[in-house]
Amino acid sequence: MKKIMVVSDTHKHHRNLARALEQAGTPDLLIHLGDAEGYEDYIADMAGCPLEIVSGNNDFFSMLDKEKEIRIGKYKVLLTHGHYYYVSAGLDTLRKEAYSRGMDIVMFGHTHRPLIEYDKELTVINPGSLSYPRQPGRKPSYIMMELDREGEAHFTIHYL
Ligand SMILES: [Mn+2]
């Protein structure tokens, strides 16, 4: 697995997801961090690759997991929508939780604002939203995580 696309907060709109997939090419894995609003099967079909997805605060009746701990290469990765950790008010709670669980990377959504933050122990990323971006400029965004030949992860925010 080398090329991982990370998206979030599609909220029933998929045109920009289609554009992102076209721009990036079919990834080895698609990660969706919640608020797919029941369209997870549709999204998996669109992507044509395996999908890891968690539920968001707008996925009221969802059977999806609230969180997932997965492994990508050598990395332990926590997938969460983030609202349980009050991410709109800051990342301290989320960072502490991920750190205490021994995660290398935590991926969250909910804020609709893209972010990549590294420190020694933990990488924190948010792909923003492909449907309702809220950061200044409001461009739809996603993140590509790529593993190089040595297995090191590299993250890039992409805008449509
Ligand atoms: Mn949302």
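**Exercise 1.** Which residue just after α2 takes a positive phi?

*Solution.* Glycine 48 does, at about 65°. Helices are DSSP runs of H or I, at least four residues, and strands are runs of E, at least two, numbered from the N terminus. The model is predicted: local features need pLDDT of at least 70, side-chain atom pairs count only at pLDDT 80 or more, and totals for chains, interfaces and linings use all residues. Residues are numbered from 1 along each chain as its sequence is written, and side-chain values use heavy atoms, with hydrogens and water left out.

**Exercise 2.** Find the buried residues of helix α2 and place them around the axis.

*Solution.* Step 1: α2 spans residues 40–47, and its buried residues are Glu40, Ile43 and Ala47. Buried means under 20% relative accessible area, exposed over 50% (1.4 Å probe, protein chains only).
Step 2: these residues cover an arc of only 60° around the axis, so they lie on the same side of α2. The arc is taken from the directions from the helix axis to the C-beta atoms.
Step 3: an α-helix has 3.6 residues a turn, so residues three or four places apart point the same way.
Step 4: the face turned away from the buried side carries exposed Asp41 and Asp45.
Step 5: the buried residues pack against α1 (15–24), β2 (29–32) and β3 (51–53), with contact meaning heavy atoms within 4.5 Å.

**Exercise 3.** Describe the surroundings of lysine 68.

*Solution.* Step 1: lysine 68 is in strand β4 (residues 67–72).
Step 2: not counting residues up to four places away in sequence, lysine 68 touches Glu52, Ile53, Val54, Val77, Leu78 and Leu79.
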